[in-house]
Amino acid sequence: MATTLRPAPDRLQSASKTRPVQGAARIRKRITNLLVHVALLLGSAVMILPFFWMISTALKSPLEAAASEPVWWPATLQWQNFHLAWDAQPLWGRFFVNSFVITALTVIAEVALATMAAYAFSRIQFWGKELLFTVLLSTMMIPGEVLLIPNFITIANLGWIDTYLALVIPWAVSVFGIFLLRQHFLQIPTELQEAAYLDGAGHLRFLVTCVIPLSRPAIATVMLLKFVASWNSFLWPLVVTNRPEMRTVQIGLNSFLQESGTQYQLMMAAATVTLIPVVAVFLAAQKHFLESVAKSGLKG
Amino acid sequence: MQIRRKGLALLLATALTVLAGCGGKTTTDQVTTITFWHGMDPASEHGKVLAGLITQFEKAHPTIKVEATFKGSYGDLEKGLVSAMGAKQPPTVAQVTDSIFGKMAGNSALLPLELPAAERSDFPEALLKLTTVGDKLYGLPFNRSLIIQIYNKKLIDKAPTTWDEFAAAAKTATNTTDKRYGGGFEANVYQFGTNFMQTGGKWLADDGKSVTFNSPEGVTSLEWMEKLVKEGSIYTPKDSKDYLSNVFNDGRVAIAITTSASLAFIKPKNGDPWDAAPLYAGPANASVPLAGANLVIMSGTPSAQQKAATEFLLWMTGKEATLTWAMGKTGYAPIRKSALADPKWQEFVKANPVWGVLGGNVMENATIQPTITQWSTIQPEITKAVEKVMLGKADAKTALDEAAATANELLKKN
Amino acid sequence: MINLRAQPRGRPRLARSRKFWRETAWAYALLAPALLVIALFHLYPLLRSVQLSLFDWNFVRPQQHFIGLQNYKEILQDPVFWKAVRNTFIYVIGTVPIEIALALSIAALLNRKLTGIGLYRIAFFLPHITTVVAIAAVWRWLYHEEYGLFNQILPMIGLDPVMWLRDPFWTMPTIILMSVWKSLGYTAMIFLAGLQGLDKELGNAARIDGANPVQVFRYVTWPLLTPTTFFVSITSIIGAFKVFSEVFVLYGGTPGPLREGITLVFYVYEKAWGEYKMGYASAGALLLFLLVMAISGIQFWYARQRVHYD
């Protein structure tokens with residue numbers, strides 16, 4: 001008796017496709033969709049306001065950008081701001097490389113480490129589980145502001161100043177990620193695990209062939225959130241690096257902050273470009289939210 | 001065997017890396033290396049000037065190498081500095097604002113400076129007082145900007161020279177139909193300080209054990225601010241990014257009391273002619289508040305680097321350097337008497353009269369707020385008093401007395 | 001058949017031993033890398049903070065003096081601390097419930113196969129990723145006394161304009177509003193992942209049985225969503241108690257007019273970076289820690305009965 005470990009397709013959904021939909025139901029569906037569109041449009045408009053301001057400021061002239069009364073759309077689009085922002089900081093290329101490397105490493109580390117840890121907490125009974133989980137959760141409860149100096153001292157003593165190690169390792173895994181994945185992993189039916197065990201699969205195989213595919217949205221979320229957190233981090237990279245070649249894009253964005261007279265138009269041009277990778281990663285990750293994931297492959 | 005050898009090698013390598021990474025201050029052969037942490041991004045205008053100066057310094061001093069690191073804004077720089085001190089790996093030299101300077105000096109984190117007499121006398125006396133604690137000098141002024149008046153020449157013929165003239169000019173130039181205010185200043189603790197110093201007031205009692213900003217002079221200073229704002233002739237910025245220079249450019253203010261660092265950004269939208277003038281004088285004196293930062297040497301710097309660091313400080317605050325800042329239209333003023341007397345400066349001012357506001361004997365009237373360590377907790381109390389008065393929630397005397405009471409309690413703590 | 005669930009009481013310990021310890025070994029093997037990082041960079045600093053809280057130390061002076069619980073005594077007698085506690089509670093109560101409710105609703109809307117749903121999703125996520133400089137600039141404009149949007153709208157409905165950023169009465173509300181706006185998309189994202197992970201079959205079965213969408217949500221979706229809701233509740237509350245950067249950014253590095261926006265972390269921040277009182281600041285952080293611990297503990301206890309995993 002071969003019990004498949006792969007989740008079965010949603011049988012009910014394919015059944016409904018062959019049934020003819022009533023006319024009234026179809027109109028109701030259209031109206032609902034329209035209402036949803038309207039709600040989402042209004043919500044989106046509110047949400048993207050700063051983003052819109054960012055882009056429009058990126059295209060403003062210096063006077064428009066500094067105007068005390070906000071200018072919503074520039075008189076003429078100053079596309080050269082992007083060029084000027086690029087020229088202002090000779091190390092942009094290096095900054096982008098650093099940011100990409102650090103973020104990629106951090107995301108990969110987080111997915112690997114958090115998945116394994118979450119699996120242990122959710123699918124294995126072991127000694128000290130409750131206590132350990134509590135201890136881990138408690139590390140989320142202390143504000144980061146008091147952790148800066150002890151962590152910096154650790155890094156300095158390890159000799160990791162000005163290295164990728166300092167920028168990646170402390171953030172290689174987060175309790176937040178472990179917690180989130182644990183919640184999802186807990187929802188996987190024990191029948192699946194028992195079936196896998198009967199099939200001769202150990203923990204690793206069950207994790208890789210069953211748990212991970214069933215948790216794609218959750219893992220995609222963890223990856224995405226980690227990507228954003230790493231890409232946007234500023235203070236830590238600033239404090240643990242001295243050499244300009246080791247710095248990141250967020251530090252580069254600071255180039256345009258001065259005592260008085262910030263060049264907002266250049267800064268926003270740079271910020272817009274800095275945002276592109278994040279948006280790209282988001283659009284790629286959110287595709288995983290469209291896959292239907294059925295959990296009940298064993299039923300029927 | 002193999003593994004153990006590899007492990008030993010790894011251990012040695014790590015140990016060497018750690019040792020090599022310690023401090024960043026080394027002396028090999030004849031070259032001394034010092035590290036310098038500052039708050040001017042190399043990609044910004046000021047950062048470029050700074051980088052140029054450092055290169056010039058290194059050329060003039062072949063035995064000294066400077067490793068300069070941009071450590072973010074002054075606030076971020078402070079965090080990095082304190083963290084580095086916690087890890088016992090501070091830089092040799094740092095650029096610190098007055099408030100940070102006070103905290104560092106008060107906690108014995110700075111090296112006292114010994115200056116040759118010739119250098120010492122080249123600084124305006126009042127300026128050196130700002131970086132002196134007790135009777136020791138702990139830093140040198142570096143990039144100092146000052147408060148000036150920027151005014152629209154179409155609306156104001158003569159820059160005010162007294163409080164009354166300013167009040168009168170502001171009233172005349174206010175035009176509600178055009179939504180224009182005659183004057184503009186920040187209704188905060190700094191403007192209060194500006195006024196207070198000009199009434200001859202003192203922040204602290206001579207024995208340093210109590211505050212005296214609630215003296216009659218203090219009340220006068222705050223009431224004057226309140227009166228002007230209530231008369232409706234003053235624009236006050238509504239948030240931290242509402243720069244007076246922008247408001248002036250938009251033509252909504254006729255005289256702006258603001259920092260000389262904004263001079264380079266003045267460009268009235270409608271092309272009106274404008275000029276800069278020294279700050280008006282007060283009832284008792286013509287004191288002028290300074291902003292900007294100083295250069296300091298961190299205590300704990302080994303003696304091998306101390307000499308090099310001192311030379312670096314003296315050169316970077318020397319005549320050539322300060323002229324580069326001032327003539328580079330950064331808004332930072334010349335801080336050396338020799339610089340002000342230099343023909344290059346005279347010519348520059350002739351060709352660019354607006355920038356002359358940085359010269360004269362303004363540095364002799366320079367003031368800053370106290371540099372005692374408790375000031376970082378006392379200043380917010382004064383801010384509260386000013387806010388209360390501006391919001392109409394209290395009168396000046398009550399508010400200042402309240403703040404003074406709290407401040408005296410805070411003074412008791414170390 | 002090997003029972004992987006928790007063992008019922010009464011089983012002899014011997015039957016538990018070998019498999020249990022083997023499982024334990026597996027668990028720690030999987031946990032090891034994560035534990036190493038967390039121990040070094042999250043746990044160790046926490047313990048160091050505990051140690052520091054018993055000392056009178058600023059990192060600037062080399063000496064430290066052991067002063068026992070004096071930091072704690074001083075803090076608990078500081079009226080500013082209690083103001084910060086009050087403000088933080090106001091913030092938590094003001095943001096978390098409404099944020100969860102709104103985020104869940106948005107996630108439900110975003111959990112559909114609509115054309116352009118990807119674009120809507122990213123629109124809601126944008127506040128989380130847009131640079132904080134842009135966000136602060138826009139909100140400062142919204143709240144501006146003269147030409148801000150809110151003060152333009154108020155007269156239209158017959159109300160006076162408000163000094164949003166200068167009137168201490170409005171300080172906490174302004175912070176709450178901006179925070180809710182900022183975290184909505186982020187929280188909705190987590191709910192979305194939760195919704196996506198649900199078994200569609202159950203929902204479909206209920207619909208076929210004649211249940212309307214509200215009933216489906218109440219009796220099918222919501223119970224199944226409790227693991228995610230629990231997670232959001234815990235992490236949102238923990239995050240809310242640590243509120244700081246929203247205040248810092250909106251009010252230009254100050255805790256608002258008349259310092260009305262002082263929160264617990266702002267209090268700690270000022271002690272640490274403004275006064276260099278690291279020991280005192282650590283004590284403050286630990287008091288916050290204990291508070292959050294207690295509240296999370298209550299949540300966990302409450303959840304034991306309410307959260308359904310399978």
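A residue counts as buried when its relative accessible area is under 20%, as exposed when over 50%, and as partly exposed in between, using a 1.4 Å probe and protein chains only. The model is predicted, so that local features need pLDDT of at least 70 and side-chain atom pairs count only at pLDDT 80 or more, while totals for chains, interfaces and linings use all residues. Residues are numbered from 1 along each chain as its sequence is written, chains are lettered from A in the order in which they are written, and side-chain values use heavy atoms, with hydrogens and water left out.

**Exercise 1.** Determine whether Trp139(C) is buried or exposed, and which residues it touches.

*Solution.* Begin with the relative accessible area of Trp139(C), which is 5%, so this residue is buried. Next, list its contacts (heavy atoms within 4.5 Å): leaving aside residues up to four places away in sequence, Trp139(C) touches Phe150(C), Leu177(C), Met178(C), Trp181(C) and Leu250(C).

**Exercise 2.** Describe the interface of chain B and chain A by its contacts, its buried area and its salt bridges.

*Solution.* First, count the residues: 38 of chain B are in contact with 31 of chain A. Second, take the buried area (the accessible area, with a 1.4 Å probe, that two parts lose on being put together, summed over both); for chain B and chain A this is about 2,800 Å², with 55% of it on carbon and sulfur atoms. Third, look for salt bridges (a side-chain nitrogen of Lys or Arg within 4 Å of a carboxyl oxygen of Asp or Glu), of which there are zero between chain B and chain A.
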